[in-house]
Structure formats: structure tokens, C-alpha cells
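The exercises below are meant to be worked through with the sequence and the structure side by side. Try each task before reading its solution.

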Amino acid sequence: MSQHRTSGDGTSDDRTSHALPEYAERVLDVAELIPPGRVMTYGDVAEWLGEGGPRQVGRVMSLYGAAVPWWRVVRADGALLPGHELRALDHYRAEGTPLREASSGAEGHLPRLDMKRARWDGVTADGGADRDRGGGAHI
């Protein structure tokens, strides 16, 4: 994994001067593996790594996720990340991520992710696992 990341706002995050905890580094590595137009839940990432849980992954993403495609690590119910809905929606639309249109009674009328179609299992398109990139158990 690279020791240098660029955050979502275009600024540099030089990891040689800002050491991340090992678990955080591994979570961010998985977030970078998720292909455009696909998502993994917080729990999926933890299971893929073989350690931690959804809350630990969520904590890592909230603290360090700006340097990776944060919108690809999501809640299991497909709801958009509170406070970041419109930014995430722009990314989903640009990447062609499957969405389910909001019902007329939905708060804010925001769509949700279509988890059946958008969820990525950590396996490459050719059927091979990405284990050489640090993965553990695949979902």
C-alpha cells in the first residue's frame, strides 16, 4: 500500500509523518479495493479483514476515511450517510452505483442504495480473490 494518500478534498495525507493505527490502515486499504459503482457495508469490511466489527470500521472511516472513496463503505440498510447524503449521491450517480428511488413518504425523498445490486463481495471481476491485497475471510 502506498505511504501517500490524497484526501477527498485534494490535499495530501503523507502517512510517513502521520502514522495510522494498523487496523485503520487495513480498513482504508479495503475501501480502496472496492470498485466504482459497488459498495461494502461496515460489517462486510470487518468480515473481509477477519477482525473488528461494523462499529470499529465506522470509527476508522469517520476519522480517516476522507483519503479514500468513503462513499463505498456504507450502512447495511442502504441509507445514505447522514450529513453527507448529497456528496455521496453525486459519487453514486457518477459511478453508476445502483440506487432505489425513495418512496414519497421517505424523509427528504433521498434514494437508498440498492444493496442487492451494489454490494461487492471482495472478489475481482475475473472471479479471483483479492487476498494478496490484505484480505481475510471473504463474504
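## Exercise 1: two helices in contact

Task: Find which residues of H2 meet which residues of H3, and describe the angle at which the two helices pack.

Solution: In this predicted model, the residues Tyr42, Gly43, Val45 and Ala46 of H2 meet Pro54, Val57, Gly58 and Met61 of H3. Sorted by class, the contact of H2 with H3 contains six nonpolar residues, two polar ones and no charged ones. The next step is geometry: helix H2, which covers residues 42-49, and helix H3, which covers residues 54-64, pack at an angle of about 105 degrees, and their axes are 8 Å apart. H2 is therefore roughly perpendicular to H3, since angles from 65 to 115 degrees count as such.

## Exercise 2: the surroundings of H2

Task: Decide whether H2 is mostly covered or not, and name what covers its buried residues.

Solution: Begin with the buried residues of H2, which are Tyr42, Asp44, Val45, Ala46, Trp48 and Leu49. Six of the eight residues of H2 are thus buried, and the helix is mostly covered. Turning to the cover, the elements that lie over these buried residues include H1, strand E3 (40-41), H3 and E4. Just after H2 comes Gly50, which has a positive phi near 80 degrees.

## Exercise 3: the largest nonpolar core

Task: Identify the residues that touch the most other members of the largest nonpolar core, and the element that gives the most to this core.

Solution: The largest nonpolar core has 33 residues, and those that touch the most other members are Val27, Val45, Val57, Met61, Val73, Tyr92 and Leu113. At least two residues of this core come from each of helix H1 (22-33), H2, H3, strand E4 (73-74), helix H4 (85-95) and helix H5 (115-118). H1 gives the most, with seven residues. To follow one member further, take Leu113, which, when residues up to four places away in sequence are not counted, touches Val39, Val74, Gly78, Leu80, Tyr92, Thr97, Pro98, Leu99 and Arg100.

## Exercise 4: two loop residues

Task: Decide whether Thr97 is buried or exposed, and do likewise for Pro35.

Solution: Thr97 is found in the loop between H4 and strand E5 (99-100). Its relative accessibility is 6%, so Thr97 counts as buried, the cut-off being under 20%. Apart from neighbours within four places in sequence, Thr97 is in contact with Gly37, Arg38, Val39, Tyr92, Leu113 and Ala118. Pro35, by contrast, sits in the loop between H1 and E3, and because its relative accessibility is 26%, Pro35 counts as partly exposed. Beyond its neighbours within four places in sequence, Pro35 is in contact with Arg72 and Trp120. The C-alpha atom of Pro35 is also separated by 9.3 Å from that of Glu95, although these two residues are 60 residues apart along the chain.

## Exercise 5: an aromatic pair

Task: Work out how the rings of Trp70 and Trp71 are arranged.

Solution: A pair of aromatic rings is described by the distance of the centres and the angle of the planes. For Trp70 and Trp71 the centres are 5.6 Å apart and the planes are 85 degrees from each other, an edge-to-face arrangement, the cut-off for that class being over 60 degrees. The count of aromatic pairs comes to one. Trp70 is buried at 12% relative accessibility, and Trp71 is likewise buried, with a relative accessible area of 12%.

How values were computed:
Residues numbered from 1 in each chain as written. Predicted model: local features only at pLDDT ≥ 70, side-chain atom pairs only at ≥ 80, totals over all residues. Heavy atoms only, no water. Axes fitted to C-alpha atoms, helices over the stretch in contact; angles between N-to-C directions. Helix = DSSP H or I, 4+ residues; strand = E, 2+ residues; numbered from the N terminus. Parallel < 35°, antiparallel > 145°, perpendicular 65-115°, else oblique. Contact = heavy atoms within 4.5 Å. Nonpolar A, V, L, I, M, F, W, Y, C, P; charged D, E, K, R; others polar. Core = buried A, V, L, I, M, F, W, Y, C linked by side-chain atoms within 4.5 Å. Buried < 20%, exposed > 50% of the residue type's maximum accessible area, 1.4 Å probe, protein only. Phe/Tyr/Trp six-rings, centres within 6.5 Å; stacked < 30°, edge-to-face > 60°.
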